Amino acid sequence: MTPRRSRLPKVWIWTSIGLIGSVVLGLAWWQQQLPSRLRNAVQRDELERCLQLGSQLAALRQLKPQEQALLGDCLRQQAQRSWAEQRWRAALDQQRGLVLRSANPAIEERQLQAWRDQIRQRALDLFQQGQAREALNLLQLSGETRFPSGQQLHSALAENWAANRYAFSRAGEAAGSEQWWQALDQLNQLDHPWWQNQATPLRGRVESQAAALQKANNPKDSHGEQGGMTVPDLLLDAAVRHHLSEGLSAWMAFQQACAELGGQVLEEGPESSCRR
């Protein structure tokens, strides 16, 4: 007798072919539907839906120029909406995607750089106002620290803030120990406007005590015979350096420092002095 062959393998084969055919037909039908659905999503301002459909269509075939333009409009509107809602990282990443997809990437790149510049300027403004934590958080939340330039700015701001905080603390400790010259040296290392303002009362006390200390140690001024007492050099130098850190020119810093210390600038040949 000839053994009977099972028909099960044939059933499996035809079932598999049927399933594959159904999937192929389904994908073909969906691919035909996607362009119209994409246009409808744009018309209804459904940005998330637009981006989703555009990605699906791009995965199935190369986008046509008109479809690329529609997807670009979706990305642009989504990026602008994210920026307006202060979702900085999302806006910047969406704009980067637009740079890659746009037919005119130079325009989109300029917008991306403009937004990045605004983020950095905002961080610098916050930092100058004494809001260091907010400035550093902005750089992190916007994703700028993922790139070398943003990481360098973040590190520079953090290091500057830490250095000013340390100098202010050391100045307070030195003043508490009546080490006036050491305190003045630490105060002169402050180069951040917020910390300089915080140190104003302490600076006034330290400069007054340092001047009294130098006067006690030098009761007779070597230029006393020329009329008037010379303002102590160490005190004058400290005040000059303070004003130089504020951006004044050397001459303006000298004049301002002399006036603050109760002196007058006197011209003595090629040199100038500050006398009371």
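In the predicted model, Cys 74 counts as buried, with a relative accessibility of 2%. The residue belongs to helix α3, which spans residues 65–84. Cys 74 and Gln 94 lie 20 residues apart along the chain, and 10.0 Å separates their C-alpha atoms. A second buried position is His 243, for which the relative accessibility is 4%. His 243 is part of helix α11, formed by residues 233–245. When residues up to four places away in sequence are set aside, the contacts of His 243 are with Leu 248, Ala 253, Gln 256, Ala 257 and Glu 260.

At the level of the whole protein chain, the secondary structure consists of 12 helices and 2 strands. Their order along the sequence is α-α-α-α-α-α-α-α-α-α-α-α-β-β, so that the strands follow the helices under the DSSP-based numbering from the N terminus. The protein chain has 276 residues, of which 34% count as buried. Among contacts in the protein chain with a separation of 6 or more, 48% are between residues 24 or more positions apart.

The packing of consecutive helices was examined from α5 to α8. Two packed helices are described by the angle between their axes and the distance between the axes. Helix α5, comprising residues 105–128, packs with α6 at an angle of about 165°, and the two axes are 7 Å apart. Angles over 145 degrees count as roughly antiparallel, and α5 and α6 are therefore roughly antiparallel to each other. The crossing in which α5 passes α6 is left-handed. On the α5 side, the contact is made by Ile 119, Arg 122, Ala 123, Leu 126 and Phe 127, which meet Ala 132, Glu 134, Ala 135, Leu 138 and Leu 139 of α6.

Leu 138, a residue of helix α6, illustrates this contact in detail. With a relative accessibility of 9%, Leu 138 falls under the 20% limit and therefore counts as buried. Beyond residues up to four places away in sequence, Leu 138 touches Ile 119, Arg 122, Ala 123 and Leu 126, as well as Trp 88. The C-alpha atoms of Leu 138 and Trp 88 are 8.6 Å apart in space, while the two residues are 50 apart in sequence.

Helix α6 (residues 132–141) also packs with helix α7 (residues 148–176); the two axes come within 10 Å and cross at roughly 165°. This angle makes α6 roughly antiparallel to α7. The crossing of α6 past α7 is left-handed. Residues of α6 at this contact are Ala 132, Leu 136, Leu 139 and Gln 140, and their counterparts in α7 are Leu 153, His 154, Leu 157, Ala 158 and Trp 161. Ala 132 and Leu 139 are thus listed in the contact of α6 with α7 and also in the contact of α6 with α5.

For α7 and helix α8 (residues 180–187), the packing angle is about 165° and the axes are 8 Å apart. The two helices are therefore roughly antiparallel to each other. A left-handed crossing is found where α7 passes α8. In this contact, Ala 167, Arg 170, Ala 171, Ala 174 and Ala 175 of α7 meet Trp 180, Gln 182, Ala 183, Gln 186 and Leu 187 of α8.

Aromatic side chains were considered next. With ring centres required to lie within 6.5 Å, the count comes to 8 aromatic pairs. In one of these, the ring centres of Trp 194 and Trp 195 are 4.9 Å apart and the ring planes stand at 90°, so the pair is edge-to-face. The exposure of the two residues was also computed: Trp 194 is partly exposed, at a relative accessible area of 29%, whereas Trp 195 counts as buried, at 8% relative accessibility. Both tryptophans belong to a cluster linked by ring pairs, together with Phe 127, Trp 161 and Phe 168. Of these cluster members, Phe 127 takes part in the contact of α5 with α6, and Trp 161 in the contact of α6 with α7. A charge over a ring is found at Phe 147, where Arg 116 lies over the ring face at 5.1 Å from the ring centre.

Technical notes: Residues are numbered from 1 along each chain as its sequence is written. This is a predicted model: local features need pLDDT of at least 70, side-chain atom pairs count only at pLDDT 80 or more; totals for chains, interfaces and linings use all residues. Side-chain values use heavy atoms; hydrogens and water are left out. Rings of Phe, Tyr and Trp (its six-membered ring) pair if their centres lie within 6.5 Å; planes under 30 degrees apart count as stacked, over 60 as edge-to-face and the rest as tilted. Buried means under 20% relative accessible area, exposed over 50%, partly exposed in between (1.4 Å probe, protein chains only). A charge sits over a ring if NZ of Lys or CZ of Arg is within 6 Å of the ring centre and within 35 degrees of the ring normal. Axes are lines fitted to C-alpha atoms, for helices over the stretch in contact, and angles run from 0 to 180 degrees between N-to-C directions. Helices (H or I, at least four residues) and strands (E, at least two) are DSSP runs, numbered from the N terminus. Angles under 35 degrees count as roughly parallel, over 145 as roughly antiparallel, 65 to 115 as roughly perpendicular and the rest as oblique. A crossing is left-handed if the near helix is turned anticlockwise from the far one by less than a right angle, and right-handed if clockwise. Contact means heavy atoms within 4.5 Å.
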